[in-house]
Structures are given as structure tokens and as C-alpha cells.
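Trainee: I would like to go through this model with you, one element at a time. Where should we start?

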Amino acid sequence: MDQETALDLVKKGSTVLLLDVPQFTLLGIDTQMFSVGPMFKGIKMIPPGIHFIYYSSSNKEGNEFSPMVGFFISTRSAEVVVRKWNPSEERLVQISEEEEGRYSEGVRCLEFDSHLGPYVLNQYGEWKQLSNYITESTIEKIEPIGGDITIAYESGLIEVPKTAMEKQLIEQLKSNTFSKLEREEHYKHGCYYTPIPNSVNHKGISAEELTAINLDKTKLLEKILIKDYGGEEDSLLGELQFSFVAFMMGQSLEAFKQWKSFVILLFSCIEAPLKTRTRLFSKFIKVIFHQLNHGFQRNKNHSNNTGKEISLFLDEAWFSKEIFLFRLCKDFFPLVLDSSVVDGDLPYWVRTLSSRTRKLKVLLETALGWDFADDEDDEFSPVIVPCDEVN
């Protein structure tokens with residue numbers, strides 16, 4: 001990149017000024033992550049739009065790290081976002097408007113330029129694939145009070161630690177500043193996610209009808225779309241992407257649970273994919289393809305020097321056939337790929353859904369070695385139960 005082009009990007013791109021961040025802190029923006037050096041004061045040449053900042057502070061030796069903290073921002077051309085490190089709380093905080101204005105002017109005059117690392121533009125395309133449905137409205141609707149998303153506020157969600165990672169995480173949270181603040185202040189720090197019930201329970205219908213409703217979650221999907229998103233499919237996909245970013249980059253367990261609920265809901269629909277919501281499902285398959293592909297690549301590269309923080313979500317158990325995703329995909333793929341149903345009104349989206357589903361299937365088969373042609377008895381086959389046995 002020549003000097004003139006670089007200067008133009010510096011002036012037109014947005015800047016995140018991060019003051020007094022301790023050395024060795026792991027810090028990321030979108031899909032990029034690095035270890036903070038002694039001269040670091042922020043990131044420049046950021047494309048305007050939605051971004052996710054996340055970080056994990058370390059001890060003085062740089063070999064032990066606190067739980068990840070993250071927050072979303074929405075920037076405009078040449079905008080400067082300023083955060084300052086609070087040593088007592090071990091986190092980045094906002095400063096007064098007067099201070100922010102003064103620092104912003106300094107950035108525009110290039111006073112901090114030599115201390116700002118450039119946004120890696122060739123990775124921006126991957127970030128857009130993970131966030132293209134997230135809007136300012138998505139963030140305003142979901143983000144917690146104060147904006148910080150961190151598992152340090154979510155220790156109660158791990159009832160009984162099972163894996164070594166979960167046990168290590170619990171020990172880490174016991175001495176973490178955020179966890180102490182949560183216990184002392186009793187604030188609600190969770191995100192405002194859309195409630196997604198695991199099952200539907202209607203009184204006055206037969207056990208067979210109740211089972212059918214829960215096997216095909218099309219009606220539940222329609223209800224959620226109309227009630228919580230005003231029928232806007234892209235808004236649902238925005239929350240799906242928000243929760244994925246919050247759990248994959250921000251390490252939020254609450255976000256993982258929400259992402260999992262979305263995936264179960266959508267993959268459990270039988271009528272919607274090829275009849276009523278073909279366009280939504282075509283977009284959904286593309287979204288989850290990029291999410292899983294990113295997750296697999298992140299897992300592959302996790303042994304590098306930016307992978308020192310605890311990651312609850314990169315456990316080997318994730319890639320077992322026993323996890324929920326394999327069972328859902330095993331049922332969903334034949335529904336789309338083997339069906340002879342053709343939606344005459346939306347032939348393009350039917351073809352697109354089929355093509356994208358096939359691509360997702362290949363990804364899972366090649367990346368994980370999953371065999372969806374396995375004909376063994378399915379221990380997860382549905383069982384019809386009497387109404388009085390359903391909670």
C-alpha cells in the first residue's frame with residue numbers, strides 16, 4: 001500500500017483509541033487478535049460499521065489471563081471511539097465527553113498515529129460474513145447495561161462444572177474483579193436476548209398433536225418472528241450473529257445458550273424451509289456455514305500465542321457426534337436435499353437453499369469427519385408422551 005492510500009485510509013477510517021492498556025493484554029477487534037505491546041494506544045484504519053472489541057488482561061509475566069470482556073461498537077467515517085483502562089476494575093471504561101473530544105482531536109491531528117496499529121483490511125471480509133445482519137438496532141436491543149459482555153458475570157450458569165476447562169474457569173472467576181463486583185453490587189449484567197422456549201405446551205390437545213408441534217417447530221418460529229421481530233427475518237439473523245460473536249469472541253456462556261437455542265429452533269422446522277420461509281432458511285444456512293467455518297479455523301489456530309485465554313467453547317467434546325448439532329443436521333439435510341417439494345413462488349431460494357445446504361454438509365464431513373449416511377438405530381428418535389407427563 002502506497003503512502004497516499006494509507007493516509008487516506010487513516011483519515012476516512014474510524015479509530016479506536018485505547019489508553020493505558022497493560023502490556024501483554026490479549027486484545028481483539030472482530031476476527032483479529034494480538035498481544036498488547038508497551039507502545040500500544042489503539043487501532044486505526046477501521047472500516048466504518050459494526051465491530052466487536054474484546055480483551056483479556058494478564059498478570060505481569062503475561063502467562064495468566066482473566067476472563068474475556070467484549071463490547072460492540074458502531075462507527076462512522078473518521079469517527080474516534082475512546083476507552084481508558086481502569087486499573088481497579090481491570091477493564092476499559094468510557095471517559096467524559098470533554099476528554100473524548102480532546103483525545104479525538106489529537107487522533108485527527110495524527111498525534112497518536114505512531115502508537116496505533118492498523119486494522120488488517122484483508123480480514124474484513126470474514127468479519128462481514130459473521131456480522132452482516134447485525135445493526136445498531138440489534139445492539140441497542142440486546143446489549144447489557146453498560147455494554148460489557150463477559151462470562152465473569154455468568155458464573156451462575158455453570159451449575160456443575162464437568163470438563164477440565166469448566167473447572168479451571170470456575171477457579172478463575174472466584175478471584176476475578178468482575179465476579180466480586182457482581183456479588184457486591186447485585187447488578188443485572190446479562191444481555192436482553194429474545195426468549196426461545198425449548199418446547200411448546202398447549203392444553204386441550206392430544207399427545208399426538210403436541211408431539212407433532214414440538215417435532216416441527218415451524219409454528220413456534222412463526223410466532224417468534226411476528227411477536228419479537230415484527231416479521232423481519234433479518235432481525236432474527238442479526239440476533240443469531242450477535243450471540244455467536246458474543247460467545248466465540250467474547251466467551252459468553254449466556255450467548256452460547258442463545259445461539260444454541262436459535263440453531264435448535266431453525267433446524268427443527270420441517271414445513272418452513274421449503275414452504276413458508278425458504279428465503280430465511282437459505283440465509284440461515286449461509287450464516288451458520290460461515291460461523292462454523294470460522295470456529296473450525298479458530299480451533300485449528302488456537303495453539304498460537306494469542307490462544308492463551310481459557311476458551312470454554314473449544315473443548316474437543318464440541319466435535320463429537322454426540323453433540324446436538326450432529327443430530328439436528330442428520331435430520332435436516334435429507335429434508336432439504338432429498339425432498340421433491342418445489343416452491344413455485346420462490347424457485348431461486350429453493351435452489352439456493354439446496355446448494356448452500358449441500359455446501360454445509362460437505363464442510364461438516366470434511367472438517368469433522370462426520371458421516372451423515374450412518375444407518376445405525378437413532379437413540380434420539382422422538383417418543384410420544386401423554387399430555388399429563390409434559391411440563
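Mentor: This is a predicted model. Start with helix H2 (residues 97-108), which lies across strand E1 (14-19) and E7.

Trainee: At about what angle does H2 run to E7?

Mentor: H2 lies across both E1 and E7, and the angle here refers to E7. Angles are taken between N-to-C directions and run from 0 to 180 degrees. For H2 and E7 the value is about 120°.

Trainee: E1 and E7 belong to an open sheet of five strands. Which are the edge strands?

Mentor: The order is E8-E7-E1-E4-E9, with mixed pairing. An edge strand pairs on one side only. That description fits strand E8 (91-93) and strand E9 (116-118).

Trainee: What does the twist average from one strand to the next?

Mentor: The sheet in question is the open one with the order E8-E7-E1-E4-E9. From one strand to the next, its twist averages 25°.

Trainee: How many bridges join strand E7 (residues 80-86) to E8, and which residue stands opposite Arg91?

Mentor: E7 and E8 run antiparallel, and the bridges joining them number three. Arg91 is in E8, and the residue opposite is Asn86.

Trainee: Now the helices. Helix H8 (residues 218-229) and helix H10 (residues 253-267) have axes that come within 9 Å. Is H8 oblique or perpendicular to H10?

Mentor: The axes cross at roughly 130°. Roughly perpendicular covers 65 to 115 degrees, and roughly antiparallel begins over 145. The crossing therefore makes H8 oblique to H10.

Trainee: How do the residues of that contact divide into nonpolar, polar and charged?

Mentor: From H8 come Leu220, Leu221, Ile224 and Tyr229, and they meet Phe262, Leu265 and Leu266 in H10. Tyr counts as nonpolar here, as do Leu, Ile and Phe. The division is no charged, no polar and seven nonpolar.

Trainee: The whole structure holds 23 aromatic pairs. Is the pair of Phe52 and Tyr54 stacked or edge-to-face?

Mentor: A pair of aromatic rings is described by the distance of the centres and the angle of the planes. For Phe52 and Tyr54 these are 5.6 Å and 25°. Planes under 30 degrees apart count as stacked. Both residues are buried, and their pair is stacked.

Trainee: And is the pair of Tyr119 and Tyr124 stacked or edge-to-face?

Mentor: Tyr119 is buried, with a relative accessible area of 2%. The centres of the Tyr119 and Tyr124 rings are 6.1 Å apart. Their planes stand at 75°, so the pair is edge-to-face.

Trainee: Which residues form one aromatic cluster with Phe52 and Tyr54?

Mentor: Phe52 and Tyr54 are themselves an aromatic pair. The cluster that holds them also takes in Phe72, Tyr193 and Phe242.

Notes: Residues are numbered from 1 along each chain as its sequence is written. This is a predicted model: local features need pLDDT of at least 70, side-chain atom pairs count only at pLDDT 80 or more; totals for chains, interfaces and linings use all residues. Side-chain values use heavy atoms; hydrogens and water are left out. Helices (H or I, at least four residues) and strands (E, at least two) are DSSP runs, numbered from the N terminus. Angles under 35 degrees count as roughly parallel, over 145 as roughly antiparallel, 65 to 115 as roughly perpendicular and the rest as oblique. Contact means heavy atoms within 4.5 Å. Rings of Phe, Tyr and Trp (its six-membered ring) pair if their centres lie within 6.5 Å; planes under 30 degrees apart count as stacked, over 60 as edge-to-face and the rest as tilted. Buried means under 20% relative accessible area, exposed over 50%, partly exposed in between (1.4 Å probe, protein chains only). Two strands pair if DSSP finds at least two bridges between them.
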